[in-house]
Amino acid sequence: MSADLSHYLGVFRRHWWVVLAAAGAGLGLGALVTQVVPKVYESSTSVLVQAVSGDTNASGGRTKGPINLDTEAQLVGSGAVAVKAAALLRSPISPIELAHDVSVEVPANTTVLVIRFQADTPQGAQAGSHAFAEAYLRNREETARAGLDQQIKTLNLKAKQLTTNLSSINNRLAKAADGSFERSNLESLRNNSQNQLNNITGRLNELTTATVGAGSIISDARAPETPISPNAMLNIATGGMAGLLAGLALAFIRERFDRRLRSAADVRDRGRIPVLAALDERTTPHFDDVLQPYGPGGRVFNRLRNEILASLNSGDQIIVVTGASRGSATTLVAANLAAALARTGSDVVLIGAHLPDSVVDAAPLARMLGVAPMPGLSDLLAGRIGLHKAMQRTPRIPSLRVITTGGAATAAGLMQSQRLRDTLEALRRQTGYVVIEAPSTSSSADAQSLASLADAAILAVELRRAKRPALLDAAEQLSRVGTPLLGAVVLPRLNAMRADEQNLPVVTLPAERRPEPRPTQRPEQQQSEERSEPRPDETAVLDTERTQQMRRIPAGPTPGGPVRPRPSELDEVTAIIDLGSAGTQTKTAEKTGEQPDDK
């Protein structure tokens with residue numbers, strides 16, 4: 001569960017801008033809908049419904065009284081009421097359309113109807129609600145009055161019939177003999193008819209004097225101050241939530257189709273390669289530095305060293321470090337791994353086999369360990385120098401020796417040469433471990449060639465630069481040559497070295513300036529003073545193993561003196577500080593560059 005939660009949080013952290021952009025778009029869409037949708041105002045009128053003759057409550061009605069409010073609520077929206085409301089409003093809108101805008105609410109345990117009407121203006125909503133309430137009361141009153149009139153008419157007709165019967169009975173009584181049976185029956189019929197007529201007359205008196213009270217308005221409609229639709233808060237909140245959900249969906253879609261590796265979990269899960277070590281921004285320096293052994297990054301490489309030593313078989317000595325993408329991650333991992341191995345006291349040789357396009361590109365490995373960029377591996381494989389001259393001992397780590405990449409002009413095809421195999425075999429016999437800094441598998445086939453000569457391989461993965469297909473291809477290339485892949489070292493994206501820091505391994509001294517000849521001196525005296533001046537190559541101790549071979553600018557012969565360069569042709573003088581000796585010894589070499597003979 002925690003792993004799934006961290007995965008989801010990681011997706012949100014990597015694509016947070018997509019989620020926020022979608023949520024912002026949703027909020028904007030909600031605000032736009034609020035502005036575009038027509039405003040709707042609603043007003044309500046409360047009507048107290050009174051019982052009239054003829055009201056009957058249906059079985060299961062809402063109240064126990066004679067009024068069925070459910071029926072009355074339906075009558076408010078009926079056609080008869082809508083016609084009367086349209087007449088009161090004097091509106092050109094048809095009664096059916098007006099009826100669609102009215103709604104009725106019946107509060108619980110009351111005989112009150114709340115009649116609501118919606119319109120596009122406050123005045124229209126107020127007028128519509130009042131008109132429907134008034135039309136409902138008028139319709140109810142008219143209905144009740146019509147019922148009373150019908151009852152009065154019926155009672156009058158019945159009273160007329162009874163009066164006619166009484167007249168007939170009285171005429172028959174006048175002709176009947178006293179004490180006869182017929183007279184007794186006629187008197188009984190006369191009494192019954194008289195009683196019925198009296199009752200009908202009393203009922204007629206009640207109906208003709210009755211007042212019809214259909215109901216009354218107890219709370220008249222008012223003009224609303226704010227519209228009920230659109231609801232700005234609801235629309236904006238709904239738009240924001242919809243945008244947030246859409247942003248999360250887009251984030252997971254981008255995560256699904258994104259080929260870049262963004263975390264160590266991506267290397268492990270999507271690349272299916274075990275992660276031996278992972279550095280973050282706090283533990284990763286510039287790529288032209290070696291981590292301190294007791295710092296956070298140094299401890300990471302110390303643990304990496306222990307895991308690698310535990311994974312190697314007996315007799316395994318050569319470890320190749322390659323990358324899944326272009327960049328300097330391989331250089332950083334190889335240099336720090338070799339330094340961590342050398343700190344245990346083992347004799348370690350670091351080989352820079354990432355052949356550059358120029359000498360400037362070869363500088364990072366040299367400046368990281370404080371050695372000269374040339375001569376290096378390309379010079380060794382070309383046969384210009386021997387193995388002993390190619391190896392340079394680092395000043396800060398005595399057990400570590402480095403073979404830099406050297407020049408690149410004649411290095412093409414040398415990674416597959418027999419001389420490289422012989423060199424590695426010689427290093428197997430002479431040293432404890434050999435770490436090879438190889439180019440990335442995506443930029444050169446040399447990584448696969450070097451891996452075939454190694455005992456184990458490590459992949460340097462630079463996040464946000466390496467991609468999943470390249471990582472899988474790198475693992476496949478190593479698998480095809482049979483080299484065991486121990487795992488990956490994951491680094492964040494490295495900062496590039498500035499152009500003004502590319503040649504810092506050497507210390508630049510100002511060029512030598514010779515005094516101008518005095519007019520009174522003769523040429524012979526001037527030449528004598530030149531011979532007595534100290535020459536740079538006479539005062540410096542030349543170490544051909546620590547200085548790179550430079551090209552010497554030819555100079556014409558001077559009559560009566562030795563061959564020396566002209567003052568205008570003198571270049572700057574460089575010095576290399578040797579930190580490995582007991583006392584600080586400065587070795588200088590004039591950058592006029594005649595190549596010394598190999599010894």
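A salt bridge here is a Lys or Arg side-chain nitrogen within 4 Å of a carboxyl oxygen of Asp or Glu. With that rule, this structure holds 13 salt bridges. Keep in mind throughout that you are looking at a predicted model.

**The whole chain**

Start with everything in cartoon view. The chain has 599 residues, and 42% of them count as buried. Its secondary structure comes to 19 helices and 15 strands. Take the contacts between residues with a separation of 6 or more: 77% of them link residues 24 or more positions apart. Switch on the surface and you have about 32500 Å² of accessible area, with 52% belonging to carbon and sulfur atoms.

**Salt bridges between helices**

Now select E72 and R140 and show their side chains. They meet in a salt bridge, at 3.1 Å from N to O. E72 sits in helix α3 (residues 69–76) and R140 in helix α6 (residues 122–175), so this pair ties together parts that are 68 residues apart in sequence. Buried or exposed, these two, E72 and R140? E72 is buried, and R140 is too.

Next, pick K84 and E142, whose side chains form a salt bridge at 3.5 Å, N to O. K84 is in helix α4 (residues 79–89) and E142 in helix α6, so here the parts tied together are 58 residues apart in sequence. K84 is partly exposed, with a relative accessible area of 23%; E142 is partly exposed as well, at 45%.

Move on to R183 and D178, another salt bridge, with 3.4 Å from N to O. R183 counts as partly exposed at 22% relative accessibility, while D178 is exposed at 68%. Add E187 to the selection: salt bridges with shared partners join D178, R183 and E187 into one network.

**A serine in helix α7**

Select residues 181–209, which make up helix α7, and find S193 in it. S193 has a relative accessibility of 11%, and the cut-off for buried is under 20%, so S193 counts as buried. What is S193 in contact with, leaving aside its neighbours within four places in sequence? The answer is L162, L166 and I169. For a distance check, draw a line from the C-alpha of S193 to that of A159: the two are 9.6 Å apart in space and 34 residues apart in sequence.

**A nonpolar patch on the surface**

Go back to the surface view and colour Y8, F12, W16, W17, L20, M241, L244, L245, L248 and F252. Together they make a nonpolar surface patch of about 990 Å². Three helices each supply at least two of its residues: α1 (2–14), α2 (16–36) and α8 (232–257). Which helix gives the most to the patch? That is α8, with five residues. Click on W17 in helix α2: W17 is partly exposed, at a relative accessible area of 46%.

**The open sheet**

Hide the surface and look for the eight-stranded open sheet. Its strands come in the order β5-β12-β11-β6-β10-β7-β9-β8, with mixed pairing. At the edges are β5 (275–278) and β8 (392–393), each paired on one side only.

Zoom in on β7 (residues 348–352). This strand pairs with β10 (residues 433–437) in the parallel sense, over five bridges, and G352 stands opposite E437 in β10. β7 also runs parallel to β9, with four bridges joining them; there, V348 has L400 as its bridge partner.

Then step over to β8. Two bridges join β8 to β9, and these strands run antiparallel, with Q392 opposite V402 in β9. A hairpin through six residues connects β8 to β9.

Stay on β9 (residues 400–403) and show its side chains. L400 and V402 point one way, R401 and I403 the other, and all are buried.

**The cores**

Last stop: the inside. The largest nonpolar core has 42 residues, and L350 and L400 have the most contacts within it. Helix α11 (residues 329–342) gives the most to this core, with eleven residues. Apart from it lies another core of 40 residues, with V267, L427, A447 and V490 among them.

Finish by selecting L350 and whatever it touches beyond four places in sequence: among them are A334, A335 and A338, along with L365, L369, L400 and V435.

Terms used:
Residues numbered from 1 in each chain as written. Predicted model: local features only at pLDDT ≥ 70, side-chain atom pairs only at ≥ 80, totals over all residues. Heavy atoms only, no water. Patch = residues over 30% accessible without salt bridge, like charges linked within 9 Å, V, L, I, M, F, W, Y side chains within 5 Å. Areas by Shrake-Rupley, 256 points an atom, 1.4 Å probe, with all protein chains shown as cover. Buried < 20%, exposed > 50% of the residue type's maximum accessible area, 1.4 Å probe, protein only. Core = buried A, V, L, I, M, F, W, Y, C linked by side-chain atoms within 4.5 Å. Contact = heavy atoms within 4.5 Å. Pairing = 2+ DSSP bridges.
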